[in-house]
Amino acid sequence: MSLLDIAPVIPVVVIDDPETAVPLARALVAGGLPVIEVTLRTACALDAVARIAAEVPEAVVGAGTVRTPADVTASVAAGARFLVSPGSTPRLLDAMEEGGIPFLPGAATSSEVMALAERGLTEMKFFPAEAAGGMPYLKSLGGPLPEVRFCPTGGIRLQTAPEYLALANVGCVGGTWLTPTDALAAGDYARIEKLAAEAAALR
Ligand code: 3PG
């Protein structure tokens with residue numbers, strides 16, 4: 001099954017305290033969002049991926065903000081089951097293809113989408129979604145490039161997710177709104193589960 005079709009929303013999470021990784025993942029899974037992208041933006045991100053992979057088998061945990069071949073290697077070693085990148089370079093694409101797990105390369109323009117499609121890649125992240133043209137831009141891409149499907153991410157919230165999900169070329173959306181920093185800091189996993197359940201109900 002494609003990564004884009006497992007759940008309507010991929011929570012993008014920034015983890016500062018590795019102790020929060022497992023309860024956070026359990027809350028998201030309980031709310032109905034098993035696909036979780038842990039961004040490689042904090043020192044403990046790989047540790048968080050490893051903990052979730054080991055202790056929350058119902059979750060499909062991946063690494064986000066993958067920018068270099070070294071990020072690919074480290075993410076796969078930590079147990080990531082998929083990779084997400086904010087943009088795409090030939091060197092990074094080579095590494096992700098060699099990584100042996102599914103990945104969503106980032107693209108923001110028709111030329112970038114076409115370059116990925118030329119390599120046979122037809123599922124990608126549209127980033128930064130709202131800033132790069134949002135739903136109207138993605139809808140326009142669907143005309144000339146109908147075989148490409150997207151996970152738009154960047155500035156999307158519960159209120160705006162449905163307009164993206166209504167497009168034929170959108171499988172799911174990504175976003176950070178499910179894991180507010182204050183809820184994480186307070187250990188309020190019940191609130192995170194509730195936010196996840198609202199998002200899971202979008203489809
Ligand atoms: C990303 O890396 O995908 C973005 O940081 C998503 O963040 P946002 O949902 O808060 O825009």
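## Notes on the predicted model

1. Let's start with Ala59: it has 20 C-beta neighbours inside 10 Å, so it counts as buried. Keep in mind that this is a predicted model. Ala59 sits in the loop between H2 and S3. Setting aside neighbours within four places in sequence, Ala59 is in contact with Ala25, Val29, Pro34, Ile36 and Ile52. For a sense of scale, the C-alpha atoms of Ala59 and Met96 are 21 Å apart, with their positions 37 residues apart along the chain.

2. Ile52 is worth a look next. Beyond its neighbours within four places in sequence, Ile52 is in contact with Ala21, Val22, Ala25, Ile36, Ala59 and Val61. Ala25 and Ile36 also turn up among the contacts of Ala59.

3. Now the core. The largest nonpolar core contains 68 residues, and those with the most contacts inside it are Ala25, Leu28, Val49, Ile52 and Val61. Helix H2, residues 45-55, gives the most to this core, namely seven residues. As background, nonpolar side chains in soluble globular proteins tend to be buried together.

4. Which residues of helix H1 (residues 21-31) are buried? They are Ala21, Leu24, Ala25, Ala27, Leu28, Val29 and Gly31. These buried H1 residues pack against quite a list of elements: strand S1 (9-13), strand S2 (35-39), H2, strand S3 (60-64), helix H8 (181-186) and H9. Right after H1 comes Gly32, with a positive phi near 110 degrees.

5. On to helix packing. H2 packs with helix H3 (residues 69-78) at an angle of about 30 degrees, and their axes are 8 Å apart. That angle is why H2 counts as roughly parallel to H3. On the H2 side the contact is made by Leu46, Val49 and Ala50, and on the H3 side by Ala74, Ser75 and Ala78. By class, this contact of H2 with H3 has five nonpolar residues, one polar and no charged. Val49 also appears among the residues with the most contacts inside the largest nonpolar core.

6. Just ahead of H2, have a look at Cys44, in the loop between S2 and H2. Is Cys44 buried or partly exposed? It is partly exposed, because 17 other C-beta atoms lie within 10 Å. Not counting residues up to four places away in sequence, Cys44 touches Ile15 and Pro18. The C-alpha atoms of Cys44 and Leu184 are separated by 15 Å, and the two residues are 140 apart along the chain.

7. The ligand is surrounded by Val12, Thr39, Gly64, Thr65, Phe127, Thr153, Gly154, Gly155, Ile156, Gly174, Gly175 and Thr176. How does this shell divide by class? There are three nonpolar residues, nine polar and no charged.

8. Two of the backbone details involve residues from that ligand shell, which includes Thr65 and Phe127. Thr65 has a phi near 55 degrees, a positive value in a residue other than glycine. Thr65 is in the loop between S3 and H3, and it counts as partly exposed because it has 19 C-beta neighbours inside 10 Å. As for Phe127, the peptide bond from Phe127 to Pro128 is cis, with omega near -5 degrees. Pro128 belongs to the loop between strand S7 (123-126) and helix H6 (134-141).

9. Last, Arg203, which you'll find in the segment after helix H9 (189-200). Arg203 is exposed, because it has 12 other C-beta atoms within 10 Å. Leaving out residues up to four places away in sequence, Arg203 touches Pro8 and Leu165. The C-alpha atoms of Arg203 and Pro162 are 8.7 Å apart, although the residues are 41 apart along the chain.

Notes. Residues numbered from 1 in each chain as written. Predicted model: local features only at pLDDT ≥ 70, side-chain atom pairs only at ≥ 80, totals over all residues. Core = buried A, V, L, I, M, F, W, Y, C linked by C-beta atoms within 7 Å. Helix = DSSP H or I, 4+ residues; strand = E, 2+ residues; numbered from the N terminus. Contact = placed C-beta atoms within 7 Å. Near = placed C-beta within 6 Å. Nonpolar A, V, L, I, M, F, W, Y, C, P; charged D, E, K, R; others polar. Axes fitted to C-alpha atoms, helices over the stretch in contact; angles between N-to-C directions. Parallel < 35°, antiparallel > 145°, perpendicular 65-115°, else oblique.
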